[in-house]
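Please open the structure in your viewer and keep the selection tool at hand. The tour below proceeds from the whole chain to particular contacts.

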Amino acid sequence: NFYKIGKWLKNNVELKKWKEGYVSFSWSSERLYTSFVRLSSNIRANNIQLNNEKIVEFDITSSFPLMLAQFCLKQKPEIFEDYEFKNYCTAVIEGKFYNELMVGLNSIRNCTKGDKESDYSTRLISKKEAKTLFQIYLNGNENKVHYLNALRTDINKYMELHYPLIHHVLGQLKLDDKKPYDELVQLETKLIFEIIEELYDS
């Protein structure tokens with residue numbers, strides 16, 4: 001099978017660093033990182049064993065959108081009764097959030113500005129790009145995909161229109177000079193450790 005040489009080299013470097021015990025700690029997100037998490041999922045699944053058994057990974061679907069809902073409930077409990085917030089939670093739980101975001105962003109990008117045919121020629125963004133745009137919405141500019149940074153106004157417009165209270169809570173967080181990414185990672189870490197503690201106790 002075709003395999004990108006850059007990806008192959010990156011995985012080999014991370015494996016070497018992991019074997020040598022390389023770790024880093026982020027004070028802002030309160031999370032410990034090792035090279036293990038930077039490995040491709042297929043490398044972890046097929047090349048790493050624990051007590052002679054292959055490891056199994058569990059993924060939190062739509063993790064950042066889910067943690068954003070948790071954060072909003074924590075900051076503004078009355079948001080639970082908001083109609084738009086309920087729609088947001090339903091889309092996240094049913095795994096439809098990024099699809100809806102992609103459709104909504106493409107609709108904004110291709111809305112009628114006149115009768116010229118060129119107005120409809122804007123390239124549609126993919127679901128993967130919609131995910132990256134959501135990260136940009138949370139965290140600011142994305143260094144790896146510069147061209148998507150220009151679409152920040154579109155996702156701001158989408159979130160403000162569809163989920164005004166969530167947009168307001170996030171805006172307030174940014175005004176307080178805090179990074180949404182760090183806040184949401186802390187929530188996710190706490191959730192994971194609660195699950196691990198429960199499993200360990202049982």
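Begin with the entire protein in a cartoon display. Read along the sequence, its elements follow the pattern α-β-β-α-β-β-α-α-α-α-α-α-α-α. The model is a predicted one, and its secondary structure comes to ten helices and four strands. Along the principal axes, the C-alpha trace spans about 65 × 45 × 30 Å.

**Stop 1: a hairpin**

Select residues 23-26, which form strand β1, together with residues 31-34, which form strand β2. How do these two strands run? They run antiparallel, and four bridges join them. To look at one pairing, select Phe25 and then its bridge partner in β2, Leu32. Next, turn to the connection: the hairpin of β1 and β2 has four residues between the strands. Select Glu30 in this hairpin; Glu30 takes a positive phi near 55°.

**Stop 2: helices α6 and α8**

Select residues 127-139 for helix α6 and residues 152-162 for helix α8. The axes of these helices come within 10 Å and cross at roughly 85°. An angle of 65 to 115 degrees counts as roughly perpendicular, and α6 and α8 are therefore roughly perpendicular to each other. Now show the side chains where the helices meet. From α6, select Leu133, Phe134, Ile136 and Tyr137; these meet Arg152, Ile155, Asn156 and Met159 in α8. By class, the residues of this contact of α6 with α8 divide into six nonpolar, one polar and one charged.

**Stop 3: helices α3 and α9**

Select residues 63-75 for α3 and residues 164-175 for α9. At what angle do the axes of α3 and α9 cross? They cross at roughly 80° and come within 10 Å. The helices α3 and α9 are therefore roughly perpendicular to each other. On the α3 side, display Leu68, Phe71, Cys72 and Gln75; on the α9 side, display Ile166, Val169, Leu170 and Leu173, which complete the contact. The contact of α3 with α9 has seven nonpolar residues, one polar residue and no charged residues.

**Stop 4: the second largest pocket**

Keep α3 and α9 in view, since each supplies at least two residues of the lining of the second largest pocket. Select the full lining: Phe71, Gln75, His168, Val169, Gln172, Leu173, Asp176, Lys178 and Glu183. Which helix gives the largest share of this lining? That share, four residues, comes from α9. The volume of the second largest pocket is about 160 Å³. Finally, colour the lining by class: the residues divide into three nonpolar, three polar and three charged. Phe71 and Gln75 of α3, and Val169 and Leu173 of α9, take part in the contact of the two helices; these residues also belong to the lining of the pocket.

Note on methods. Residues numbered from 1 in each chain as written. Predicted model: local features only at pLDDT ≥ 70, side-chain atom pairs only at ≥ 80, totals over all residues. Heavy atoms only, no water. Axes fitted to C-alpha atoms, helices over the stretch in contact; angles between N-to-C directions. Parallel < 35°, antiparallel > 145°, perpendicular 65-115°, else oblique. Contact = heavy atoms within 4.5 Å. Nonpolar A, V, L, I, M, F, W, Y, C, P; charged D, E, K, R; others polar. Pairing = 2+ DSSP bridges. 1 Å grid on protein atoms, 1.4 Å probe; cavity = no way out; pocket = protein on both sides within 12 Å on 5 of 7 lines; lining within 4 Å. Points joined across faces, edges and corners; volume = space filled by probe spheres on them.
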